[in-house]
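Here is a quick walk through a two-chain model, written for someone who likes cut-offs stated up front. Have the structure open while you read.

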Amino acid sequence: MDPRQLEHIVVKDNDIQSIVMSYLLHNCFDETADSLASTTGINQPVIDRDNLERRKQIMHCILEKKALKAVELTEQLGQELLEKNKDLHFDLLCLHFVELICDGKSKEALEFAKTSLAPFGMVQKYVGKLEDAIALLAYEDPEKSPMFYLLSSEYRQQVADNLNRTLLEHASQPSYTPMERLLQQVTVARQYLTEENGKDAFPPFSLKDYVKG
Amino acid sequence: MEGTIGSKGLVKKTELVRIMTDALISLGFNGIATDLQNQSGVNLLDPTIRHFLDEAKRKEWNSCIKLLQEEEGLQVRDEKVARFLLLEQIFLDFLKDDNLDDALNTLQEEMTPLGVKRRRLEKLPSKFVFADSGEERFTEVTRKLQKLFPPAAIVPEGRLVRLLEESLYHQMRDCDYHNAPDTDMSLCFDHCCWKSKIPSKTVQTLVGHTDEVWFLKFSNNGKYLASSSKDNTAIIWEINAEGGEFSMKHKLEGHEKPVVVVLWSPDDQQVITCGENEVIRRWDVGSGQCLQTYGRVDVGSISCGWLHDGSGIIGAMADRRIYLWNLDGTEIEHEQGQRGQKIYDVAMTSDGKWLVSVGREQNEISLFDRVTRGETVIQVEGMVTSFSLSRDDKYLLVNLITQEIHVWMIDGRREPRRVYKFSGHKRSRFVIRSCFGGYDDNFIASGSEDSQVYIWHTDFEKGPCCVLPGHGGAVNCVSWNPTDLHMLASASDDKTIRIWGLDLE
């Protein structure tokens with residue numbers, strides 16, 4: 001593809017700022033968003049500030065290993081939210097279980113598992129993850145177990161992201177940012193071109209390489 | 001007690017003594033077993049292993065662990081696995097007592113560090129949460145513990161008997177044309193019956209019919225023989241308890257046409273006969289009286305059969321339909337429509353699930369599933385003249401116009417497939433019937449137009465193993481006594497029936 005062709009496309013600054021702004025708001029970086037607005041002078045879109053505050057609080061709970069509090073706050077936002085998203089509910093409860101184990105509260109963890117997690121054990125798709133989580137009990141040092149991923153911050157971030165999207169959906173807001181959508185589109189468009197014209201003409205889109213310049 | 005015994009140097013003396021000791025114990029001779037161990041100086045079980053297994057039987061797991069650590073003579077194949085198994089039992093005991101602390105402790109501090117059986121280990125914490133995840137039977141646990149030891153350390157119970165049974169079984173397998181009852185097998189001599197146990201000599205000739213005998217069949221209990229003839233009658237013959245000779249019990253008269261088949265009810269109390277293009281009659285064996293007649297106005301009967309439980313009759317009629325009647329003569333609705341061809345033979349499997357029928361124009365056998373109402377059709381290589389079902393309903397014996405007999409496997413779960421093909425006999429104009437028989441139904445016997453009886457063994461398709469001359473006319477049908485491996489009966493155009501037995505010379 002001829003890079004000179006790109007020069008002909010005009011991209012407005014306003015558009016780019018909108019994209020960045022929507023990303024910040026999606027991920028609850030409200031202070032950064034305010035900062036950007038005041039620096040560039042663009043208007044922040046009218047968004048539900050209250051919803052953003054709540055989401056921010058809930059995300060932090062998860063990242064700070066307070067999964068049960070996150071559940072409580074979520075239920076405040078909407079009773080049926082977790083009932084309709086059982087997968088998410090299960091992940092949050094599992095996180096709490098893992099937190100208890102990491103705190104050395106094995107017996108409490110067991111009690112919690114018996115009351116809150118056991119019902120999920122009846123459904124085939126949760127059994128694997130449930131067994132993994134409970135298996136942590138076999139290890140004095142859960143970090144050294146093969147299931148250590150359950151303790152990682154990456155995993156917590158993943159669950160937090162899922163919850164974030166669900167909350168946005170519930171508030172009738174888009175669950176994916178324009179930024180993500182754009183990147184997804186580029187990747188898919190590239191794939192189509194590659195299929196039509198061969199690998200050498202259009203290598204698959206890689207954001208990492210792009211950013212490196 | 002060193003060294004080996006026997007000509008091949010394969011049997012170690014110490015092992016022979018040990019399996020003999022085990023055999024003595026299983027026969028109840030504990031005292032002799034102890035004496036043998038004392039006098040020979042050879043123990044059935046090493047004392048340290050015995051101590052270990054005894055402690056295990058008493059569920060003294062900690063004691064077992066201690067023995068493993070301290071006893072020099074206790075050699076296991078993998079010490080860590082052994083410890084794991086024992087600790088697992090201790091863990092489960094703590095769980096049962098609701099002792100969570102000790103259970104967790106055992107798990108985390110003693111079992112996990114062993115570094116073995118990871119998958120099994122990771123399933124254990126679930127037992128805290130899901131109480132009834134299935135408890136292993138104690139026999140399973142002891143079996144696993146026994147397997148910890150090297151193979152020769154423990155003699156499996158009944159080992160000697162098992163070795164002897166294998167040997168006898170091999171003798172049976174190696175005996176071509178084996179046709180002797182299991183009671184003939186002995187530890188005292190090698191078995192080989194070769195063809196000597198196949199009925200091959202006429203021991204009795206039954207005279208009673210006044211025309212060609214077309215069909216015969218032994219009763220299920222082997223005490224009676226029923227035959228049917230062109231002379232419009234059927235005869236029930238009874239075996240004399242002492243002499244083993246047959247005599248006529250009843251002559252069933254009433255048909256006005258030749259009797260094509262005569263078949264026994266499952267309880268042997270009744271028979272049904274089918275007149276050629278006429279009616280079907282049911283008779284009482286005890287009295288010889290005709291109890292009921294079945295048929296359709298203006299439609300003649302071609303063949304018949306019993307419902308598997310004896311509660312009704314099947315009739316294949318000349319209007320190309322199959323009818324089912326209750327014993328009292330009322331018709332039962334049958335799902336099959338009119339067939340495309342004349343049906344010549346029909347039978348129901350003994351579980352009541354299938355109705356097998358054969359037509360003569362198309363080269364096919366129909367298997368009708370009475371439950372699903374579906375039909376499976378087997379295509380055969382030539383016109384079928386008759387068929388016969390094996391006793392276990394798994395095999396179908398099919399006589400073809402091409403002078404071949406085919407055996408099809410129809411076990412219901414897979415597609416029917418042909419497994420054997422036999423030939424050698426003669427058939428060109430008449431219906432010739434064959435049957436399964438002999439040890440484990442491994443033999444096939446058939447009539448033939450050359451007046452001889454042919455016998456094949458299913459392991460040897462190449463040719464018949466026996467050909468029995470004697471009759472003076474085409475042999476139309478044969479039947480092998482289901483309760484006597486050594487008795488065969490044949491029906492012939494020469495108006496007689498021959499009973500065949502062993503040639504004892």
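Is A:Glu64 buried, partly exposed or exposed? A:Glu64 is partly exposed, with a relative accessible area of 49%, where buried means under 20% relative accessible area, exposed over 50% and partly exposed in between, using a 1.4 Å probe and protein chains only.

Before going further, some bookkeeping. This is a predicted model, so local features need pLDDT of at least 70 and side-chain atom pairs count only at pLDDT 80 or more, while totals for chains, interfaces and linings use all residues. Residues are numbered from 1 along each chain as its sequence is written, chains are lettered from A and ligands numbered from 1 in the order in which they are written, and side-chain values use heavy atoms, with hydrogens and water left out.

## Salt bridges within chain A

Over all chains, the count comes to 23 salt bridges. The rule asks for a side-chain nitrogen of Lys or Arg within 4 Å of a carboxyl oxygen of Asp or Glu. Here are some from chain A:

| Acid (relative accessible area) | Base (relative accessible area) | N to O distance |
|---|---|---|
| A:Asp34 (35%) | A:Arg49 (34%) | 3.2 Å |
| A:Asp50 (44%) | A:Arg54 (29%) | 3.3 Å |
| A:Glu64 (49%) | A:Lys66 (44%) | 3.7 Å |

Take the A:Asp34 and A:Arg49 salt bridge. A:Asp34 lies in helix H3 (residues 30-40) of chain A and A:Arg49 in helix H4 (residues 49-63) of chain A, so the pair ties together parts that are 15 residues apart in sequence. As for the naming, helices (H or I, at least four residues) and strands (E, at least two) are DSSP runs, numbered from the N terminus.

A:Asp50 and A:Arg54 are a more local affair within one element: both lie in helix H4 of chain A, 4 residues apart, or about one turn of the helix. There's also a network of salt bridges linking A:Asp30, A:Glu31 and A:Lys56.

## Where the chains meet

On to the interface. Contact here means heavy atoms within 4.5 Å, and 17 residues of chain A are in contact with 16 residues of chain B. About 1,600 Å² is buried between chain A and chain B, with carbon and sulfur atoms giving 66% of that area. Buried area is the accessible area (1.4 Å probe) that two parts lose on being put together, summed over both.

The rule finds 2 salt bridges across the interface of chain A and chain B. One of them pairs B:Asp101 with A:Lys107, whose closest N and O atoms are 3.1 Å apart. There are also 5 residue pairs in polar contact across the interface, both residues at pLDDT 80 or more. A polar contact is a pair of N or O atoms within 3.5 Å; within protein, one must be able to donate a hydrogen and the other to accept it, and residues adjacent in sequence count only if both atoms are side-chain atoms.

On the side of chain A that touches chain B, the elements giving two or more residues are helix H8 (106-117) and helix H9 (124-135) of chain A. H8(A) supplies the largest share, 5 residues. By class, that side has 11 nonpolar, 2 polar and 4 charged residues. Ala, Val, Leu, Ile, Met, Phe, Trp, Tyr, Cys and Pro count as nonpolar, Asp, Glu, Lys and Arg as charged, and the others, Gly among them, as polar.

## Cysteines without a bond

How many disulfides does the whole structure have? The search finds 0 over all chains, a disulfide being a pair of cysteine sulfur atoms within 2.5 Å. The sulfur of B:Cys175 is 3.4 Å from the closest cysteine sulfur, in B:Cys193, which is too far for a bond. B:Cys175 is buried at 4% relative accessible area, and B:Cys193 also counts as buried at 4%.

## Backbone oddities in chain B

Most residues other than glycine have a negative phi. B:Asp98 has a positive phi, near 65 degrees. B:Asp98 sits in the loop between helix H5 (79-96) and helix H6 (100-111) of chain B and is exposed, with a relative accessible area of 60%.

B:Trp194 has a positive phi too, near 50 degrees. Its place is in the loop between helix H10 (159-174) and strand S3 (201-207) of chain B, and B:Trp194 counts as partly exposed at 44% relative accessibility.
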